[in-house]
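Q: I would like to learn how to read the places where chains meet, and the empty spaces left among them. Could we go through this step by step?

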Amino acid sequence: MIESAVDVMSWILLFTGGAFVLIGGIGALRLPNFYTRLHAASLTETMATILIFAGMILQAGLSLAALKLLAIMVFLLLTAPTASYALANAALQSGMRPEAESGGEDT
Amino acid sequence: MYTVLSLAILVTMVLALVRALRGPTVYDRVLAVNMFGTKTVLLLAVIAFLFGRPDFLDLALAYALINLVGVLAVLEFIQKKPRKAEAADHD
Amino acid sequence: MNLLELLGYFNYWVFAIVLSVGLYTVIAKVNLVKKLIGLSIFQSAVFLMYITMDKVEGGTAPIIQKGVENQVFSNPLPQVLILTAIVVGVSTLALGLAIVVRIYEAYGTIEEDEILDAD
Amino acid sequence: MIIIFALFLLSLLVITALAIVRTENLFVAVMLTSIFSLLMAANFFILDAADVALTEAAVGAGITTVIFLSALALTAQREKVVTAGRRPALVVVAVLATLIIYATFDKPRLGDPDAPVHQHLAPWYLENTPELMDFPNVVTAVLGSFRGYDTLGEVFVVFAACIGVLFILGVKPPAGSRYNPDSSGLRHHLIPQVVGRLLIPFIVLFGLYVQFHGEYGPGGGFQAGALIASGVILYALLEGEAAALRAVPQSVLMGLVVGGACLYGGVGLLCILLGGNFLEYSVLLSDPVSGQQLGILLIEAGVGMAVCGALLSIFHAFAARPMRS
Amino acid sequence: MQIDVMDLTPHLPALQVIVPMLCAPLILLLKPRGLAWAGATAAALLSFAIALNMALAVNTGAYFNYDMGGWEAPYGIELSVGAFGALVLLIVTGAGAAAMLAARPSVDSQIEAERQPLFYSAWLLALAGLAGIVVSADAFNIFVFMEISSLASYVLIAGGPDRRALPAVFKYLIMGTIGATFYLIGIGLVYMMTGTLNLADMEARIGDVTDINPILVAAGFITIGLALKAAVFPLHVWLPNAYTHSPHIVTVFLAACATKVAIYVLVRFDFFVFQDNLENHDLQFSLFLMPLALLGILMASAVAMFEGHIKRLLAMSSVAQIGYIILGASFVSEAGLTASAAHMFNHALAKGGLFLAIAGLACHYRDLRLEQLGGAARSMPWTAAAMVICGFSLVGIPGTAGFISKWLLIDAAMDEGRFAWLLVAIIIASSLMALAYVWRIIETLYFKPPVVAEAPAEAPLQLLLVTWLVALANIGFGLFPQFPLALSSAAAQLLLGRAS
């Protein structure tokens with residue numbers, strides 16, 4: 001009974017994670033400018049990472065695999081936002097301005 | 001379930017690749033490369049589970065660690081050569 | 001089944017296409033860095049060919065798991081060969097890039113035709 | 001299932017390759033190359049080549065990209081468009097592709113267990129490794145012992161590339177070249193610095209794990225060397241070249257390269273002195289199985305040292321070179 | 001100590017590769033630069049001694065087999081040295097050692113002191129790589145050592161002060177890597193169909209393969225790949241510039257042996273592995289290679305006749321000589337193969353001597369175009385005389401080594417039935433062309449008025465001595481050719497013996 005509950009739980013997590021991944025991908029493709037695309041990609045990425053790895057950890061149970069999954073998750077959560085930050089920063093310094101309103105005029 | 005999930009990731013990889021090809025700025029491409037990297041980590045982790053060999057998570061771990069090096073190197077490069085990188089946005 | 005069998009050759013076709021793309025880049029492009037990129041694509045295609053042949057249906061990577069009976073393993077030998085070949089590829093690439101850097105310093109360009117004109 | 005994955009990944013591979021050829025911006029081409037390499041690694045992984053995938057990950061996505069970029073920083077960045085010479089190239093390539101595709105129809109298809117490759121040598125390796133070496137990773141067994149001589153050659157290929165790059169770039173850059181250590185872009189950014197510093201020890205630690213776990217899981221000396229090298233490269237990116245060279249000076253790197261190569265060769269010669277053939281590790285200890293294990297451990301250490309030192313030397317040779325103005 | 005009582009003879013094939021290879025990193029540790037040269041020379045001489053030792057043993061009927069790591073073939077990597085291998089090893093290590101002995105003054109003048117240890121180290125790697133290709137009996141292992149030798153040769157060629165060496169070496173790198181990768185595809189296909197990498201095992205198993213197409217394609221890939229490495233006409237385009245602009249002493253080493261090793265592998269594959277098992281293979285082999293060889297001989301000789309730069313002239317002549325070697329092999333007869341093997345040896349002697357003499361000339365003449373070299377014989381009589389001897393050997397004047405192999409080649413061509421007269425005519429015509437271009441060199445050196453105002457002195461003694469050693473060897477092996485001929489005909493028998 002508990003096992004199936006854990007299963008259901010992890011399926012839900014994995015499913016939502018997958019949905020977030022897809023949303024992020026679509027966002028990165030469809031949104032109008034760089035900063036919005038970055039926004040879409042990085043936010044969903046973090047969420048999806050947490051959800052998917054949590055789901056897999058539930059599946060793995062208490063084992064070495066779970067530990068490794070946790071490690072991967074932690075590293076991804078550290079590196080992905082850092083990369084996004086560095087990217088945004090580099091873009092900003094190069095003179096590319098985020099626009100105040102969506103589709104707004106250049107300042 | 002894992003199959004569906006990995007297909008979702010694969011589709012996202014396609015989307016990221018399209019973004020990498022389209023540009024239009026260098027930063028978009030870096031963004032796409034970074035996305036592609038993290039999606040690969042996810043894909044590998046999921047496939048390791050799908051194949052029933054979770055001991056191969058090492059690979060995903062290696063990717064997660066290495067990815068940052070690549071992205072930071074690209075950014076470093078852009079900032080080292082600012083003028084030319086700007087000029088080279090469109091192709 | 002028929003379609004599936006044809007798909008079994010898909011890897012080899014991709015190998016042929018990627019190989020051709022790489023070789024085309026090497027032959028047709030005059031930019032030296034582009035040539036090196038083409039060369040590494042060309043070599044990667046060969047890696048793909050070797051790794052394709054190591055796969056066994058229903059098999060798993062050749063790391064024997066304790067306590068699991070009747071496992072089918074993929075072929076370890078092509079993997080070993082390709083490990084070596086990847087290293088060779090990187091080494092060639094590094095050396096090629098070093099030469100390109102020196103060429104740029106000596107000629108001020110990395111386009112083959114301009115270099116030929118310079119001498 | 002695998003076929004669907006393969007279909008997806010391989011199609012992406014082809015698209016990426018075509019895009020790399022088409023783009024005129026070399027910088028973009030290099031970034032796409034790193035995507036290409038990630039795709040290649042994913043392909044290797046689903047084709048059961050875990051060791052190769054790990055290598056491709058450590059080398060292709062990390063080291064190669066970094067070396068490409070630092071070489072690109074020293075040269076031009078855009079490609080000139082030249083249309084001449086396309087047609088003969090297309091003809092050559094078309095002939096080649098036709099030839100190969102013609103040959104494929106007699107080839108065993110993907111995963112065919114009756115293919116000749118799976119009949120002769122491979123079963124022997126798979127059957128005898130547990131008995132002769134007593135560890136599970138057959139790839140490491142073949143790499144380290146059955147075909148250890150190839151791996152020795154591999155180490156010397158890396159060695160040749162290392163001394164080659166040092167030799168070729170050992171010439172003084174032309175007059176007027178500048179090197180501006182402060183131009184480094186990431187040195188004053190707090191967040192990458194903090195996270196990077198946090199990550200470096202883990203990368204090195206993971207490298208050591210891969211080094212010594214190679215007999216049990218995917219990994220070994222080469223992958224470990226590349227991982228540790230990328231850790232140091234990360235340090236160089238964050239703190240600047242000079243700091244990285246202070247932390248791990250060039251003489252230490254050369255020592256690692258020479259030491260690693262000599263360690264490998266020395267183990268081989270020791271086997272001759274102890275009455276065996278070259279690289280016959282069984283004679284190292286009284287028990288042949290532990291002899292094999294010791295030998296593989298030692299040579300893997302040699303590979304790791306040599307590769308790490310060589311890749312870092314190559315990186316520094318490019319990254320620390322002044323730019324032609 | 002233990003070493004004294006140990007018999008190292010069975011380990012010779014392994015030591016042949018290991019000794020120079022392990023010395024390569026070690027000489028980086030020798031800080032004073034004179035020591036680096038001394039160490040490298042010692043290693044090169046030692047490996048020559050090993051090769052000589054094996055050649056003598058092989059000449060009395062021995063055949064070396066060595067299981068690397070103690071794993072029997074095909075599970076492990078096997079090394080094997082027969083008559084052919086011993087002959088090629090003699091060429092490789094002899095060229096490496098002789099050029100290294102003479103290298104010091106030439107290297108000092110062309111390469112900065114702090115880069116010299118790296119240069120010598122790369123030299124030993126090239127030597128080890130070439131030797132490794134020759135001794136190996138494993139298809140993939142050949143690839144690995146091919147790459148070691150290629151990478152090291154790229155480094156060596158790029159080493160000089162001439163900036164034109166850089167584009168030349170880049171072209172070599174691209175074409176060499178394509179060649180090696182083609183070879184890799186070829187052995188991959190063979191491996192796919194036979195499941196083995198050991199050459200002898202391949203030969204045994206190819207016969208059982210029913211789907212022959214991949215094997216045919218593999219044979220094509222291997223042949224083209226190795227032909228690229230061997231600079232067989234028309235795939236030779238990398239060679240002239242690479243040889244012309246490399247440091248002079250490097251040209252001596254590489255011109256004497258690098259391409260011959262690729263031909264050795266090509267011949268081994270064709271005769272050991274494919275010959276028996278593919279229908280009409282010898283016919284395809286001759287049909288494909290003989291016209292190329294003939295065209296190569298004629299075209300390259302013609303180009304050499306009108307070439308103005310002395311190094312490029314001799315490089316084009318090398319392309320023609322590669323044609324002779326391939327021509328002999330394409331007869332698929334014992335006489336032809338003997339002539340081929342003997343010509344490898346003799347051409348190495350002649351070309352090595354010529355390039356050594358040029359390295360001597362280059363100590364005083366910066367510009368090596370023919371019009372700048374007028375009257376050089378007056379100030380450098382000994383160097384010029386050595387050049388004349390080696391030049392005669394290249395042409396094939398009786399009394400020199402070159403004559404022996406040309407004669408054998410003509411002899412072998414006589415047996416070729418309907419086209420015999422045509423073959424003989426081409427060989428004689430190209431020999432006349434060779435005479436013409438060698439005469440241009442002699443004329444310049446002896447009969448043209450001096451161009452350089454102040455008379456330069458003779459070449460450095462170290463270089464001159466080695467040059468004369470090689471020149472005398474040209475005469476010595478012309479008068480007493482028994483030893484190389486015995487090895488060559490044993491090689492031919494071995495190649496065909498396995499085939500019949």
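**Reading interfaces and empty spaces**

A: Let us begin with a sparing case, keeping in mind that the model is predicted: between chain C and chain B there are zero residue pairs in polar contact, counting pairs with both residues at pLDDT 80 or more. Zero salt bridges are found across the interface of chain C and chain B as well. On the side of chain C that touches chain B, the residues divide into four nonpolar, three polar and no charged.

Q: How many residues does each of chain C and chain B bring to the contact, and what area is buried between them?

A: The size of an interface is often given as the accessible area lost when the parts come together. Here the contact takes seven residues from chain C and four residues from chain B, and the area buried between the two chains is about 360 Å², with carbon and sulfur atoms giving 42% of it. Within chain C, the residues that lose the most area to chain B are C:Thr60, C:Ile63 and C:Gln65, which together make up 73% of what that side buries.

Q: Which chains share the most contacts?

A: Seven pairs of chains are in contact, and of these chains C and D share the most contacts. That contact takes 79 residues from chain C and 99 residues from chain D, while the area buried between chain C and chain D is about 8000 Å², of which 76% comes from carbon and sulfur atoms. By contrast, no contact joins chain A and chain E, whose closest C-alpha atoms lie 35 Å apart, and none joins chain B and chain E, where the corresponding distance is 25 Å.

Q: What is the count of salt bridges between chain C and chain D, and which element of chain C gives the most to the side that touches chain D?

A: The count is two salt bridges between chain C and chain D, and in a salt bridge the side chains of D:Arg321 and C:Glu105 meet at 2.7 Å, N to O. Across the interface of chain C and chain D there are also 15 residue pairs in polar contact, both residues being at pLDDT 80 or more. The elements of chain C that give two or more residues to this side are α1, α2, α3, α4 and α5, and α4(C) gives the most, with 25 residues. By class, that side of chain C has 53 nonpolar, 15 polar and eleven charged residues.

Q: Turning to empty space, how many cavities of 30 Å³ or more are found, and which residues are closest to the centre of the largest cavity?

A: Rolling a probe the size of a water molecule over the atoms shows where empty space is left. In the whole structure the search finds 17 cavities of 30 Å³ or more, and the largest cavity has a volume of about 260 Å³. It is lined by 20 residues, of which C:Ser40, C:Ser44, D:Glu56, D:Gly60 and D:Thr64 are the closest to its centre. α3(D) gives the most to this lining, with six residues, and the lining divides into nine nonpolar, ten polar and one charged.

Q: What volume does the largest pocket have, and what classes of residue does its lining have?

A: The largest pocket has a volume of about 790 Å³, and among its 27 lining residues the closest to the centre are C:Leu23, C:Ile27, D:Val92, E:Met175 and E:Ile178. Its lining has 22 nonpolar, two polar and three charged residues.

How values were computed: Residues numbered from 1 in each chain as written. Chains lettered and ligands numbered in written order. Predicted model: local features only at pLDDT ≥ 70, side-chain atom pairs only at ≥ 80, totals over all residues. Heavy atoms only, no water. Contact = heavy atoms within 4.5 Å. Buried area = accessible area lost by both parts, 1.4 Å probe. Salt bridge = Lys/Arg side-chain N within 4 Å of Asp/Glu carboxyl O. Polar contact = N/O pair within 3.5 Å; in protein donor to acceptor, adjacent residues only side chain to side chain. Helix = DSSP H or I, 4+ residues; strand = E, 2+ residues; numbered from the N terminus. Nonpolar A, V, L, I, M, F, W, Y, C, P; charged D, E, K, R; others polar. 1 Å grid on protein atoms, 1.4 Å probe; cavity = no way out; pocket = protein on both sides within 12 Å on 5 of 7 lines; lining within 4 Å. Points joined across faces, edges and corners; volume = space filled by probe spheres on them.
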